[in-house]
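Visitor: I would like a close look at one part of this protein. Please choose a single residue and work outward from there.

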Amino acid sequence: GLADGPYVLRVSRDYYYTTTVEVVVSGQGAVDVPVLLQHNRTLMLTRELTAQTASAGDILRCTLRVTHVGAGPALHVAVVETLPTGFHHMDGHGAPPPDAQQPPFLVWNLRDVTPGEAITLTYLVAVGADASLGEHTLIAEATAHTLEGPVRAEAARARVHVAPVGTMGDM
């Protein structure tokens, strides 16, 4: 066997993600322990955003990429983006355009994808005067169906700090 550790395990982030779980240790109570969890082995959703700080009137370019990292087809792939209050999708700017818009949701009903294939969504969001100052989070989720049943990717989140107009250069 192996000698007593500690050991470092290096794992590709393409197939694993880190999280913490609460573990009760005899005589020590509860402690948080970092663990590696395997993705659902079918969908991975990633996001890029042009800025992490914005003011009313600013335009943000959002990019979502859903990648099939599993085996077998992923059918009826769908992506739902939830925009914070005061963030508004700009119609006519993006590819492909959302299939449905019911604020605060943007919905894309995408085609089926094969293993290794990815679909990229780009769109613009305007920060409106109705966006409150402070932290906001955009949350996107991707779902599909496989021969084993429904699957869901880990949500892709992006934080945006809304600052007063004219103060961003001071930050």
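Guide: What follows starts at one valine, moves to a serine it touches, and then widens to the sheet and the whole chain.

This is a predicted model. Start at valine 127. This valine sits in strand E10, which covers residues 118-127. Is valine 127 buried or exposed? Its relative accessibility is 2%. Buried means under 20%, so valine 127 counts as buried.

Now list what surrounds the valine. Neighbours within four places in sequence are left aside here. Valine 127 then contacts Ala54, Ser55, Ala56, Gly57, Asp58 and Leu60. Gly86, Phe87 and Val162 are also in contact with valine 127. Take glycine 86 from that set. In sequence, 41 residues separate glycine 86 from valine 127. In space, their C-alpha atoms are 6.1 Å apart.

Next, serine 55, one of the contacts of valine 127. Serine 55 belongs to a loop. Strand E4 (53-54) lies on one side of that loop and strand E5 (59-68) on the other. Serine 55 has a relative accessibility of 4%, so this loop residue counts as buried as well. Where does its side chain reach? The partner is the backbone oxygen of proline 164, at 3.3 Å.

Back to strand E10. E10 pairs with E5 in the antiparallel sense, over nine bridges. One bridge joins cysteine 62 to tyrosine 123, the latter in E10.

These two strands are part of an open sheet of four strands. The order is E3-E5-E10-E7, and the pairing is antiparallel. Strand E3 (43-49) and strand E7 (87-95) form the edges, each pairing on one side only. From one strand to the next, the twist averages 30°.

Step back to the whole protein. There are 13 strands and zero helices. Of the 171 residues, 33% count as buried, valine 127 and serine 55 among them. Consider contacts with a separation of 6 or more: residues 24 or more positions apart account for 66% of these. The exposed surface is about 10500 Å², with carbon and sulfur atoms supplying 54%.

Last, confidence. The average pLDDT is 83. A score of at least 70 is reached by 74% of the residues. Residues 9-18 stay under 50. For that stretch, the model has 23 contacts beyond four places in sequence.

Notes: Residues are numbered from 1 along each chain as its sequence is written. This is a predicted model: local features need pLDDT of at least 70, side-chain atom pairs count only at pLDDT 80 or more; totals for chains, interfaces and linings use all residues. Side-chain values use heavy atoms; hydrogens and water are left out. Buried means under 20% relative accessible area, exposed over 50%, partly exposed in between (1.4 Å probe, protein chains only). A polar contact is a pair of N or O atoms within 3.5 Å; within protein, one must be able to donate a hydrogen and the other to accept it, and residues adjacent in sequence count only if both atoms are side-chain atoms. pLDDT is the predictor's confidence in each residue, from 0 to 100. Contact means heavy atoms within 4.5 Å. Two strands pair if DSSP finds at least two bridges between them. Axes are lines fitted to C-alpha atoms, for helices over the stretch in contact, and angles run from 0 to 180 degrees between N-to-C directions. Accessible areas come from the Shrake-Rupley method with a 1.4 Å probe; for residues, only the protein chains shown count as cover.
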